[in-house]
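Let's take a friendly walk through a protein model, one region at a time. Keep the picture open beside the text and look for each residue as it comes up.

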Amino acid sequence: MDETGFWELIDSTREAADGDPEDHADLLVEQLVLRDPEAVLDFARHFEARFNRAYRWDLWGAAALLLGGADDDAFDYFRCWLIGRGREVFEGAVHDPDALAELLDSFDEELDGDGEELGYAADEAYEQLTGVVAPDLGLPPQADEPEGTPLDPDDDAALAARLPALWERFGG
């Protein structure tokens with residue numbers, strides 16, 4: 001599976017799920033099991049590479065602002081959700097997290113921001129197809145610290161200063 005196929009699968013399953021992250025994950029598994037195990041591993045590599053790319057302080061700040069706080073796990077689930085929003089939103093947010101103020105039509109804390117199940121979709125599909133746990137993907141591990149200038153996700157003043165458009169629309 002190439003990058004275009006990865007994003008097409010993300011988009012088609014998100015649209016079919018009407019944006020619900022849990023339904024999105026279920027539909028993603030359903031579609032992945034229709035492919036061969038190597039295609040599922042390709043999908044997993046694309047997902048993991050983007051998950052690691054989004055390990056940035058400014059995105060952690062955006063997650064904290066949108067979610068009303070974000071510990072390590074919440075930030076992990078936010079990054080999965082961000083991938084699930086599709087290429088335009090993901091790439092825009094990685095390039096400039098403050099752009100989420102314009103990239104998101106809305107944000108519902110009860111429904112949005114938690115894509116935990118999306119992060120497990122490829123593993124689940126691979127195990128259904130093969131009966132074994134997915135092998136190591138051969139990707140470099142996530143960095144020990146997020147990329148960029150450190151930001152305290154609990155500091156409202158720092159969030160407002162670093163992410164002014166996002167703060168104006170969703171903060172405080």
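## Aspartate 11 and its surroundings

Start by finding aspartate 11, which sits in helix α1. This is a predicted model, so every description here is about a prediction. Is aspartate 11 buried or partly exposed? Its relative accessibility is 23%, and because buried means under 20%, aspartate 11 counts as partly exposed.

Now look at what lies around this residue. Leaving out residues up to four places away in sequence, aspartate 11 touches Gly86 and Arg87. Glycine 84 is another residue to look for: 73 residues separate it from aspartate 11 along the chain, yet the C-alpha atoms of the two are 7.6 Å apart.

## The helix around it

Helix α1 covers residues 3–16, which makes 14 residues. From its first C-alpha to its last it reaches 20 Å, close to the 20 Å expected at 1.5 Å a residue. At the start of α1, a side-chain oxygen of aspartate 2 comes to within 3.3 Å of the backbone nitrogen of threonine 4. After the helix comes aspartate 18, which has a positive phi, near 55°.

Which residues of α1 are buried? They are Gly5, Phe6, Trp7, Leu9, Ile10, Thr13 and Arg14. These buried residues pack against four helices: α2 (21–32), α3 (37–53), α5 (72–84) and α6 (87–95).

## Helix α6, seen from its own side

Helix α6 is one of the partners of α1, and it has a buried set too. Val89, Phe90, Gly92, Ala93 and Val94 are the buried residues of α6. They pack against α1, α3, α4, α5 and α7 (100–103).

## Arginine 56 in a loop

Next, move to the loop between α3 and α4 (57–67), where you will find arginine 56. Is arginine 56 buried or exposed? Its relative accessibility is 15%, and since buried means under 20%, arginine 56 counts as buried.

What does arginine 56 touch? Not counting residues up to four places away in sequence, its contacts are Phe75, Val94, Pro146 and Glu147. Val94 has already appeared among the buried residues of α6.

## The largest pocket

The largest pocket holds about 270 Å³ of space. It is lined by 15 residues, and those closest to its centre are Phe47, Glu48, Cys80, Gly119 and Tyr120. Helices α3, α5 and α8 (121–130) each give two or more residues to this lining. The largest share comes from α3, with 4 residues.

What kinds of residues make up the pocket lining? There are 10 nonpolar, 1 polar and 4 charged residues.

## A closed cavity

How many cavities of 30 Å³ or more does a search of the whole structure find? The answer is 1. The largest cavity has a volume of about 40 Å³. Its lining is made by Arg14, Gly19, Asp20, Pro21, His24, Trp81, Gly84, Arg85 and Leu118. The elements that give two or more residues to this lining are α2 and α5.

By type, the cavity lining divides into 3 nonpolar, 3 polar and 3 charged residues. Two names in this lining link back to earlier stops: Arg14 is among the buried residues of α1, and Gly84 is the residue whose C-alpha is 7.6 Å from that of aspartate 11.

Key
Residues numbered from 1 in each chain as written. Predicted model: local features only at pLDDT ≥ 70, side-chain atom pairs only at ≥ 80, totals over all residues. Heavy atoms only, no water. Expected span 1.5 Å × (residues − 1). Buried < 20%, exposed > 50% of the residue type's maximum accessible area, 1.4 Å probe, protein only. Contact = heavy atoms within 4.5 Å. Polar contact = N/O pair within 3.5 Å; in protein donor to acceptor, adjacent residues only side chain to side chain. 1 Å grid on protein atoms, 1.4 Å probe; cavity = no way out; pocket = protein on both sides within 12 Å on 5 of 7 lines; lining within 4 Å. Points joined across faces, edges and corners; volume = space filled by probe spheres on them. Nonpolar A, V, L, I, M, F, W, Y, C, P; charged D, E, K, R; others polar.
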